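Hello,

Here is the structure I promised to pass on. Please open it alongside this email, and then read the notes below.

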Amino acid sequence: MPDRLFGLFTLPLRRIPEQQRRIDAETGRLALYHFPLCPYCLKVSRGIRRLNLRIERRNVFRWDNWADELRREGGKLQTPCLKIRHDDRIEWLYASDEILSFLRQRFAEVDDTQATSLT
Ligand SMILES: N[C@@H](CCC(=O)N[C@@H](CS)C(=O)NCC(=O)O)C(=O)O
């Protein structure tokens, strides 16, 4: 299957299961603070779908605690924001383009040496 259909749709990145499991473990350290009507959040969500990432989503409108946490610990109540749990610190990454370039840099690569295992 080509990565693009009719040049219009980009299909989600496919990985072999082992690779996907490793990526899932890494994305378990991430949480996206968002709200559904935010266009910047939709842009990030589209990127996440294309990269085929499983990232917890925290709707700041659905539960006040997410909004409070974002304001208090992130520094401002602005969405989207990606919370990144590093080994030694928490990073709050604001701005859709910054978030997308972080995710692409980190997760866009597919290990071609194992690509033949893909069916
Ligand atoms: N440059 C930011 C803009 C994000 C933005 O303006 N988000 C709106 C929601 S759609 C927001 O949270 N506004 C509240 C604020 O900025 O205080 C991005 O690309 O993510």
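Which residues of H2 are buried? They are Cys-41, Val-44, Gly-47 and Ile-48. These buried residues share one side of H2, because they cover an arc of only 120° around the axis. The background is simple. An α-helix makes a turn every 3.6 residues, so residues three or four places apart point the same way.

Please keep in mind that this is a predicted model.

**More on H2**

Strand S3 (30-34) and H4 are among what covers the buried residues of H2. The face turned away from that buried side carries the exposed residues Pro-39 and Arg-46. H2 is 12 residues in length. From first C-alpha to last, H2 reaches 17 Å. That is close to the 16 Å expected at 1.5 Å a residue.

**The protein as a whole**

The protein has 4 helices and 6 strands. Their order from the N terminus is β-β-α-β-α-β-α-β-β-α. There are 119 residues, and 21% of them count as buried. Take the contacts between residues at least 6 apart in sequence. Of these, 63% join residues at least 24 apart.

**Around the ligand**

Nine positions are worth clicking through here: Cys-38, Pro-39, Tyr-40, Gln-78, Thr-79, Pro-80, Ala-95, Ser-96 and Asp-97. This shell divides into 5 nonpolar, 3 polar and 1 charged. Helix H2 (39-50) supplies at least two residues of the shell, and so does helix H4 (96-107). Pro-39 thus appears twice in these notes: in the ligand shell and on the exposed face of H2.

**Backbone features**

Some background first. Most residues other than glycine have a negative phi, and most peptide bonds are trans. Three places in this model depart from that pattern, as set out below.

- Thr-79 and Pro-80 are joined by a cis peptide bond, with omega about 0°. Pro-80 sits in the loop between helix H3 (64-74) and strand S5 (81-85). Both Thr-79 and Pro-80 belong to the ligand shell.
- Ala-95 is not a glycine, yet has a positive phi of about 85°. Its place is the loop between S6 and H4. Ala-95 counts as partly exposed, because 14 other C-beta atoms lie within 10 Å. Ala-95 is also one of the residues around the ligand.
- Asn-52 is not a glycine either, and has a positive phi of about 55°. Asn-52 comes just after H2, in the loop between H2 and strand S4 (56-59). Asn-52 is partly exposed, because 16 C-beta neighbours lie inside 10 Å.

**Leu-93**

Is Leu-93 buried or partly exposed? Leu-93 is partly exposed, because 17 other C-beta atoms lie within 10 Å, while a buried residue needs 20 or more. Leu-93 lies in strand S6 (residues 90-94). Which residues does Leu-93 contact, leaving aside neighbours within four places in sequence? Those contacts are Cys-81, Leu-82, Ile-84, Glu-98, Ile-99 and Phe-102. Leu-93 and Thr-79 are 14 residues apart in sequence. In space, C-alpha to C-alpha, Leu-93 and Thr-79 are 10.0 Å apart.

**Where to look**

Start with the cis bond between Thr-79 and Pro-80. Then turn to the buried side of H2, with Cys-41, Val-44, Gly-47 and Ile-48.

Best wishes

Conventions. Residues are numbered from 1 along each chain as its sequence is written. This is a predicted model: local features need pLDDT of at least 70, side-chain atom pairs count only at pLDDT 80 or more; totals for chains, interfaces and linings use all residues. A residue is near a molecule or strand if its C-beta atom, placed from the backbone, lies within 6 Å of it. Ala, Val, Leu, Ile, Met, Phe, Trp, Tyr, Cys and Pro count as nonpolar, Asp, Glu, Lys and Arg as charged, and the others, Gly among them, as polar. The expected span of a helix is 1.5 Å times one less than its number of residues. A residue is buried if 20 or more other C-beta atoms lie within 10 Å of its own, exposed if 12 or fewer, and partly exposed in between; C-beta atoms are placed from the backbone. The arc is that of the directions from the helix axis to the C-beta atoms. Two residues are in contact if their C-beta atoms, placed from the backbone, lie within 7 Å.
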